[in-house]
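User: Please take a close look at one part of this model. I would like a single residue placed in its surroundings, along with the strands around it.

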Amino acid sequence: MLFQTPPQLMKTSTHHHGNKFSAFFCNLFGHHYVVSKKVTQHIKEYKCIHCQKEVTTDVSGKLSALTPQMQEINSTLEEMYQKRKSRVVHQVA
Ligand SMILES: [Zn+2]
């Protein structure tokens, strides 16, 4: 390592959470999410281009962290959505 912090400087630097600069940027300006996957017409997965944080639209339409459980739900939803889409029904409910 080229830039090793001398021990006497360690106590002055408040080391919050071991995140990168990008996370700091996100804290200041907010995440910059781009759609990483379209699950259904209303549910999408997003990824922050700065810190790679992944979120998804949940059932209530809000963004929540993309946990393995959410990924599983989304893939199920996607499957149902694709099936429904292939069976085009020209009918207004
Ligand atoms: Zn971010």
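Analyst:
**Leu66 and the strands around it**

Leu66 counts as partly exposed, because 19 C-beta neighbours lie inside 10 Å. The cut-off for a buried residue is 20 or more. The model is predicted.

Start with the position. Leu66 sits in the loop between strand 4 and helix 3, which covers 68–86. Leaving out residues up to four places away in sequence, Leu66 touches Glu45, Glu54, Val55, Thr56 and Gln71. Lys53 is 13 residues from Leu66 in sequence, and their C-alpha atoms are 8.5 Å apart.

Now the strands. Strand 2 spans residues 44–48 and strand 3 spans residues 54–57. These two pair in the antiparallel sense, over 3 bridges. Glu45 stands opposite Thr56 in strand 3, and both residues are among the contacts of Leu66. The two strands form a hairpin with 5 residues between them. In that turn, Gln52 has a positive phi of about 65°.

Strand 3 also pairs with strand 4, residues 63–65. They run antiparallel, joined by 3 bridges. Here Val55 stands opposite Ala65 in strand 4. Val55 is another contact of Leu66. This second hairpin also has 5 residues between its strands. Gly61 takes a positive phi near 85° there.

Last, confidence. The chain has a mean pLDDT of 81, with 72% of its residues at 70 or more. Residues 9–18 fall below 50, and that stretch has 2 contacts in the model beyond near neighbours in sequence.

Methods. Residues numbered from 1 in each chain as written. Predicted model: local features only at pLDDT ≥ 70, side-chain atom pairs only at ≥ 80, totals over all residues. pLDDT = per-residue confidence, 0-100. Contact = placed C-beta atoms within 7 Å. Pairing = 2+ DSSP bridges. Helix = DSSP H or I, 4+ residues; strand = E, 2+ residues; numbered from the N terminus. Buried ≥ 20, exposed ≤ 12 C-beta atoms within 10 Å, placed from the backbone.
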